[in-house]
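Please look through the structure shown below with its aromatic side chains in mind. The paragraphs that follow go from one ring to the next.

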Amino acid sequence: MTIAWSVKRLAATIAGLAIIAAACGGGGGSSAEPTAPPPTATAPPTAPEPRGEPAPTLEFQTFAGDTVSLAAYVGKPIVLNFWASWCPSCVAEMSAAFRPVERELGDEITFIGMNIQDDRVLADALLVETGVEWISAEDPAGDLYIELGGIAMPFTVYIAADGSVVDKHNGPLTEGQLRQQITEAFG
């Protein structure tokens with residue numbers, strides 16, 4: 001329960017008690033019963049609060065040539081994986097973990113493979129070799145990687161449908177670990 005929700009609930013309760021007191025004669029000792037039940041005050045529904053910090057707004061280019069930001073994919077959870085052809089752990093993770101999970105959950109989750117500080121020809125060849133079908137994009141200078149707090153490769157970031165960063169993982173993942181982290185991040 002958040003403090004903001006608790007304060008809203010307390011305010012609604014106080015407002016409800018004030019309405020009841022007014023309907024009962026203001027608490028002046030009157031023994032007269034109200035003729036109609038007092039109206040109840042309820043807090044208006046609010047949107048769920050983001051669980052983490054908003055995702056960065058930096059733009060990047062997809063391998064298809066589109067310039068976008070992570071905001072372009074809001075509305076569906078995102079698994080963002082930073083990888084490079086020069087990273088042996090990235091290569092192993094792409095085939096063993098991301099390919100099977102992406103094929104199974106790709107309709108429910110947007111998978112983005114963010115190539116970082118790499119040769120584009122080598123990156124394209126690795127995509128063919130591993131068979132991943134995620135949205136491929138480039139972070140040539142590592143700006144998005146740095147802004148998200150990456151400290152190791154590969155680096156995976158979980159972004160909720162509302163655009164908030166809910167979890168991060170530095171280092172390689174097995175298929176089981178990836179599935180578990182997706183469940184924990186997105187429910």
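Which residue lies over the face of F63? In this predicted model, that place is taken by R120, at 3.8 Å from the ring centre of F63.

From a charge over a ring we can turn to rings paired with rings, of which the count comes to 7 aromatic pairs. One of them joins F82 and F155, whose ring centres are 5.6 Å apart and whose planes meet at 25°, an angle under 30 degrees, so this pair is stacked. Because F82 belongs to strand β3, which covers residues 78-83, while F155 belongs to strand β6, which covers residues 155-159, the pair ties together parts that are 73 residues apart in sequence. F82 is buried, with a relative accessible area of 0%, and F155 likewise counts as buried at 0% relative accessibility.

Strand β6 also contributes Y158 to a pair with F186, a residue of helix α5, which runs over residues 175-186, so here the parts tied together are 28 residues apart in sequence. The ring centres of Y158 and F186 lie 6.2 Å apart with the planes at 65°, and since this angle is over 60 degrees, the pair is edge-to-face. Y158 is buried, with a relative accessible area of 0%, whereas F186, at 21% relative accessibility, counts as partly exposed because the limit for buried is under 20%.

Finally, ring pairs can also join into a group, and in this model they link W83, F98, F111 and W134 into a cluster.

Notes:
Residues are numbered from 1 along each chain as its sequence is written. This is a predicted model: local features need pLDDT of at least 70, side-chain atom pairs count only at pLDDT 80 or more; totals for chains, interfaces and linings use all residues. Side-chain values use heavy atoms; hydrogens and water are left out. Rings of Phe, Tyr and Trp (its six-membered ring) pair if their centres lie within 6.5 Å; planes under 30 degrees apart count as stacked, over 60 as edge-to-face and the rest as tilted. Helices (H or I, at least four residues) and strands (E, at least two) are DSSP runs, numbered from the N terminus. Buried means under 20% relative accessible area, exposed over 50%, partly exposed in between (1.4 Å probe, protein chains only). A charge sits over a ring if NZ of Lys or CZ of Arg is within 6 Å of the ring centre and within 35 degrees of the ring normal.
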